[in-house]
Amino acid sequence: MILNGVIDRNVEQMMLALPGFEIGDKVHELYVNKLIGSVPGKYKDSIFSPGTEYRKIFFPNWQKERITDQIVSKTDLNERWWSDFSVALLCQSMDYLTSRLKNQLETNKINGEVNRRNAQLAEQSIHFYSLALSQYFNEFKEALNRISDYEAAKKKYIQGLKDNVGLHQIWYTAGQWKNPHWEMFHHFTKLIVLGASDNEIDSLIDQLRDLGLPIPPEVDKTTWKYYTSYLNNKKTIDHVDIDNLARNGILKDVSIFVPGGYMPARLSEGYSYNFTANGEPGNMYRTPPRGGSCFTADTWVLMSDQSKKKISDIHPGDMVATAHGYREVAFVSKPLLHGRNLYQINDLSFAFTESHPFLNGVYEEGHLNPEFLCISPEALNEFSPTFNERGVGTLSTGSRLAGFTNEDPTHLQEIEIKTVKSVQDPTDNIQVFDLILSPLQENNIPQFFVGSEDQFFLVTTEMPLLSHIPNATVSILYCLKEIMGEISKVKFVDDLSLEENFEKLYKRLTLLGETVLNHAVNDVGHFIDPTDIIHNPDHELPSKVETEIKDFLNAVSALDNEQNIIFGAYFETLTTFLVDQIEMVAQLGWRNFQKDPGDKIALSLGALHVHCQKCIVPETRLKLKINVYDDGGLKEQHVRWNDLGRENTPFASYFDQVIYLDTTYTQGGNFHIDFEFYVEDSMSPLLLYRSYLPDQQESFYRRYTPNVISGENTYLGEFHFDLRVYSDDIKEEYNNSALWNELSQLQYASQLGKQIGLRLKDVLAHYNRKEQL
């Protein structure tokens, strides 16, 4: 095609050259390259280490692309802007890929920042796109390279546009001008390459309109600079762009020496934890590990005689009212607030943490309503995952809680929540309170009434229900019994504040949490034959547990304030990091954790916990389709159902099975597993998750608790599974599974708890010998 009035063939070639989306794709690629190169900070494994750049840890194969040096000048976004964007992007990838750290990452804050940066970049991209067009669009580049006088070419180009207004009018009238906004936008970008300023482009748009050219609104004077249709294939930059590149560094185990201790901690996702630690680039997107659910000291509690008493004045042995009569207080937990937010409802004076569970007042026959409500279901499920078996919903305006008012204190009723507000205490080290109630043989939720003024609400305590997680309860009990003696000897460092001492202790426990479980699993060994337990004095363990819990809590009540705080830190850490893992380990305690494993993978399936809005009828059979990939593509497929494990609930579905994969796990391979959950006979997956693994399984055993998403990329819950490396002779363990029963699970759990306790006891003893935490 020859344009009217254009006699310079190089200019004509430039005018006619019209790319597809390939240049936009290249711009996206260059932006990602720039972000990777902008990752700030260094990882230091000691104070004497010069450190390794985080960029080299997370993106070891990165190489700078051509023309990325000009991104800052062309977008007018400085190096700090790109560095900050890279931090948010990397944290978004950590939030998607990690299992443990993700519970501490602020997903909404991360996603909000990534979206904000994308919006800013879209408004500043026009000049860099023009540069990329001149460098990577060969049809335009060839003609451009033959031009020596850009100013003269620019004038000819502008005149060519004016001379062809009539031709474009004919096309427009005939409906033949198919992509006017795309064509005009690229005329403007090519003029920028030839040296036109933004003001010149604005002036040209006015001139062309005066000549009768219909200017599309997408590329009018006020909009052409923000036109981004060239990014059609990938409109924004997000974690998907870097997940596969960064996954090895994000998921890698790191050996960390714990100050004051003798046992190094092997921290899964260690580099990610460090990148988001205090003083590190990603710390703004990470919250401290959430502690338990608690109330402020001025919260009133309803006693068994219908009197009211402040929770801070309650002592072990006091009797509190419940929906089923009364119950004895075994222990008053008094942890520090530890940076958590406090909330109030209905303008009442008492306040509580975001994860404390209230009893839902709404019950509709035939509807699967969550049994509990709290401000942050995610926080509660992180701290105590077993609550999700009965469903945890969001406590918000319009919710209805179970409780009573002074107008009618004799009947449990629904109380509507009209206001919910966040209240932050100016002092961060105040103590908050929760009641641990005496165990009962009946399968009742341990509940009591809290409130102020004229409204009281039914809440539950945090002590795990034996009937829900018997194995984890036994393990935690035996662990804490082992370390009680050393806890009573621990003293806080005098020259540190209460909060600083607590932070120091909590950090150590966080680092040691997973390490001690791995060691304990090795120490216990495998396969306890239930026929041998009959001859063991502990064969009556189930009947003893309730009594032992009560005796143990009575001993805890004798601790002084500092020791109470230390005990609370241990209890919170063990509950947060280990309860769900211990329960699954005990359910599958017949597994053989080999001392010298091979190079194949054993995949152990656990529980699928779903969000309350996506409940599943317990009788529904769920099919789990497992696809295993490496660099060569799909290697093997497996299908399992949720009818061989623990009893399913509307919000928890149990698989509790082991799959021995044939795929060899090799270093440097792109090994990943896709999980797809289907309702029986359905063709479309209900939930899905892709699990990326580091290039090498650094430890013989690794646990995962990834988020599960819908096809619309909506968060729907979590799935628990773990991986072991094994050799062929491990398959004999499968024969042992047929002999595994509830009694052998409890026996295994008690031994596991003792071993965890012995490991922590040694650490505490070492601290005490050094007369410091």
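## A walk through a predicted model

Thr75 belongs to helix α4, which covers residues 71–75. Before going further, please keep in mind that this is a predicted model. Thr75 counts as buried, because its relative accessibility of 1% falls under the 20% limit. Beyond the residues up to four places away in sequence, Thr75 touches Tyr31, Trp82, Leu121, Gln124 and Phe128.

One step along the chain, the picture changes. Asp76 lies in the loop between α4 and α5, the latter covering 79–97. With a relative accessible area of 64%, Asp76 is exposed, whereas Thr75 is buried. Asp76 also has a positive phi, near 60°, although Asp76 is not a glycine. Most residues other than glycine have a negative phi.

Asp656 invites a look alongside Asp76. Its phi is near 45°, again a positive value in a residue other than glycine. Asp656 sits in strand β23, residues 652–664. Is Asp656 buried or exposed? At 10% relative accessibility, Asp656 counts as buried, since the limit for that class is under 20%.

### The protein as a whole

The protein has 22 helices and 28 strands. Of its 773 residues, 56% are buried. Taking the contacts between residues at least 6 apart in sequence, 71% join residues at least 24 apart. The structure holds zero disulfides. Two cysteines can still be placed in the buried class: Cys374 has a relative accessible area of 0%, and Cys479 has one of 1%.

### Two helices to look at

Helix α11 runs over residues 180–193. How far apart should the ends of its 14 residues be, at 1.5 Å a residue? The expected span is 20 Å, and the end C-alpha atoms are 20 Å apart, so the two values agree. Of the 14 residues in α11, 13 are buried, so this helix is largely enclosed by the rest of the structure. After α11 comes Gly195, with a positive phi near 110°.

Helix α1 (residues 9–16) offers a packing example with helix α8 (residues 138–145): their axes come within 9 Å and cross at roughly 160°. The pair is roughly antiparallel, because angles over 145 degrees fall in that class. The crossing of α1 past α8 is left-handed. On the α1 side, the contact is made by Asn10, Gln13 and Met14, while α8 contributes Glu139, Phe140, Glu142, Ala143 and Leu144. An α-helix has 3.6 residues a turn, so residues three or four places apart point the same way.

### Partly exposed positions

Three further residues are partly exposed, and each can be paired with a residue elsewhere in the chain. The table gives their C-alpha separations.

| Residue | Relative accessible area | Partner | Separation in sequence | C-alpha distance |
|---|---|---|---|---|
| Lys635 | 46% | Thr664 | 29 residues | 10.0 Å |
| Pro281 | 21% | Asp84 | 197 residues | 8.5 Å |
| Asp560 | 35% | Ser488 | 72 residues | 8.6 Å |

Lys635 is part of strand β22, residues 633–641. Which residues does Lys635 touch, once those up to four places away in sequence are set aside? They are Val628, Tyr629, Asp630 and Thr663. Lys635 is partly exposed because its relative accessible area of 46% lies between the 20% and 50% limits.

Pro281 is in the loop that links α14 (270–275) to β5 (300–302). Its relative accessibility of 21% makes it partly exposed, since buried means under 20%. Leaving aside neighbours within four places in sequence, Pro281 is in contact with Pro40, Gly41, Tyr54, Val87 and Phe275. To find Asp84 from Pro281 in your viewer, look for a C-alpha separation of 8.5 Å across 197 residues of chain.

Asp560 also has a loop position, between α19 (541–556) and α20 (561–587). At 35% relative accessibility, Asp560 counts as partly exposed. Its C-alpha atom is separated by 8.6 Å from that of Ser488, which is 72 residues away along the chain.

Technical notes:
Residues are numbered from 1 along each chain as its sequence is written. This is a predicted model: local features need pLDDT of at least 70, side-chain atom pairs count only at pLDDT 80 or more; totals for chains, interfaces and linings use all residues. Side-chain values use heavy atoms; hydrogens and water are left out. A disulfide is a pair of cysteine sulfur atoms within 2.5 Å. Buried means under 20% relative accessible area, exposed over 50%, partly exposed in between (1.4 Å probe, protein chains only). Helices (H or I, at least four residues) and strands (E, at least two) are DSSP runs, numbered from the N terminus. The expected span of a helix is 1.5 Å times one less than its number of residues. Contact means heavy atoms within 4.5 Å. Axes are lines fitted to C-alpha atoms, for helices over the stretch in contact, and angles run from 0 to 180 degrees between N-to-C directions. Angles under 35 degrees count as roughly parallel, over 145 as roughly antiparallel, 65 to 115 as roughly perpendicular and the rest as oblique. A crossing is left-handed if the near helix is turned anticlockwise from the far one by less than a right angle, and right-handed if clockwise.
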